[in-house]
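Student: I should like a close look at the salt bridges of this model. Please describe which residues take part and how exposed their side chains are.

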Amino acid sequence: MTVAEHMDNSVQHVDIAIVGGAMAGATLALALARLASTQSPLSIALVEAHLPDNRHPGFDARSIAIAHGSIFELSRLGLWPKLAHLGTAITDIHVSDRGHFGMTELNAAQLHVDALGQVVELERVGQVLFRELHQTHVKLYCPAKLAQLIPDIDSHTLVLASGERICAKLVVAADGLQSQVRSSFNLPITQVAFGQTAIIANVQTDKPHQHWAYERFTETGPLALLPMAASQGQPRLSLVWALDDRRAQALLNAPKAEFLTALQHAFGYRAGQFIDVSERHAYPLNLSYMPRPIHHRCVFIGNAAQTLHPIAGQGFNLGLRDVVSLLDVLKTAREQGEDLGSAAVTHAYLHAREHDRNSTIRNIEFLVRGFSNPYWPLALGRNLGLRLLSWFPPLKTPVAQHAMGWK
C-alpha cells in the first residue's frame, strides 16, 4: 500500500508506527507483519522519506557485514532466505597492526561454522526489503516526510508533510542519527568525536579474495576490507578507511592512481594489488548514543538509538538486536493483553537492551582509542594481545563469538 492510496486528510489509527524504513525500520516492519499473521490482528504503519534507490541515505553504495549471529536471527524472522542470494561469505578474517608485529586470524572452519558472516550491498538489500514490504499489510508511506509529532497520553499523532495523520499507540523511531522523532521530543544524545573520517569505496584487485576479510589498524585508524561479489569477472573488496579529517579530504579528491598508491602503502599486498576504485564517499566517524532510548509511548532502535564507529562492524548487528529485543517485548505484551505503548512495555525494552548496548558502546570506544594511539606502551600491549590470540587458539573463542554477533 503506497502513499498515493492515503491522500485524504483523515486520521489513520494503527497499533505501531515506525518512522524510518532503512535497515532497522524495514526489518522491524517485516518481522511485525509476520508476527501479526500468527497472532491477533496488528496494524502497522511505516513512514519513510526516501525511495529505496541509490539516493537513499540508508541504502546507498556501502556494503555491510552481517554477522553469523545476525544471520541466525534474520533466518528466525524469515528474512534471510530473501536476502541470502545477495551475500558474499566471510570465511576468514585477518587482523593486523600496521608497522608492528601483532596479527591474528579467525577462521570459520576452526570455529565449526560455514561462514563468520556475509557481506551485502545496501542498495540491493533495500530493493528486496521494500519488495517484501509491498506484499504485506503494512501501511507504507513512502516517500513521506514527518512534519510534526503531536504527543498525547494514550497515543502519538504523526502529521506528514502531505497533511495525512497517523495515530499510533507506540512510535518506533528508526530514523537514523539525525532522528526527527528524537528532536521532536527534545531528547538528549551523547556524542564522542574521534577526529576521523571514513572513506568508503569498492576496490578492484588483481587476485580473488577467497572470502577473506581484513582489519588493519593504522596510526590514523582502522582500515577494513570486506569480500564482495565480483563485478564483470573482476574481484572486488569493500573498503572502509578511517583517516584524520584533513588526510581523508585530500584522498577523497585525489586522482585514482594517487589514491590507490596511498591505499597500497597503508595496507600492503596481502590482498593483492589494487587496480581500480569506484566513486569514493566520506563519512565523519563519531560515536553517538542516547542514554535512554525510550520516551513516553516511543522507543528508539538502530542508528536513532546509537551510531557506532565501524571499527568492529557492529552497527547493523547491534541495531538488529534492538529489533529482536523489541519484538520479544511486544510479543509478550500482546500475549498478556497489555497496551503496546505502555510504560511497562517501553521500560521492558529499555531493560532488555541495557547491558548489550552499554557493553558494545564501551568496547567500541576502547578499540578506537586503543588501536589509533601510537603511544608505545599501548602499541606493545595490543600487539601482544593479538599475538596471544595466535599462540593460544582457545583465547580466540570469545573474540570470535563477539565478531560473529553472538551474545
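Tutor: Arg297 is buried in this predicted model, its relative accessible area being 6%, which is under the 20% cut-off for that class. Its salt-bridge partner is Asp339, with 2.5 Å between the closest N and O atoms. The two residues sit 42 residues apart in the chain: Arg297 belongs to the loop between strand 18 (294–295) and strand 19 (298–300), and Asp339 to the loop between helix 8 (315–335) and helix 9 (343–371). Asp339 is partly exposed, at 31% relative accessibility.

A buried residue also takes part in a second pair. Glu132 forms a salt bridge with Lys82, and their closest N and O atoms are 4.0 Å apart. Because Glu132 lies in helix 4 (residues 122–133) and Lys82 in helix 3 (residues 80–83), this pair ties together parts that are 50 residues apart in sequence. Glu132 counts as buried at 16% relative accessibility, whereas Lys82 is partly exposed at 40%.

In a third salt bridge, Asp276 meets Lys256 at an N to O distance of 3.0 Å. Here strand 16 (residues 274–277), which holds Asp276, is linked to helix 7 (residues 256–267), which holds Lys256; the two residues are 20 residues apart. Asp276 is partly exposed, with a relative accessible area of 26%, and Lys256 is likewise partly exposed, at 43%.

Salt bridges also join into a network, which links Arg321, Asp322, Arg353 and Asp356. The structure as a whole holds nine salt bridges.

How values were computed
Residues numbered from 1 in each chain as written. Predicted model: local features only at pLDDT ≥ 70, side-chain atom pairs only at ≥ 80, totals over all residues. Heavy atoms only, no water. Salt bridge = Lys/Arg side-chain N within 4 Å of Asp/Glu carboxyl O. Helix = DSSP H or I, 4+ residues; strand = E, 2+ residues; numbered from the N terminus. Buried < 20%, exposed > 50% of the residue type's maximum accessible area, 1.4 Å probe, protein only.
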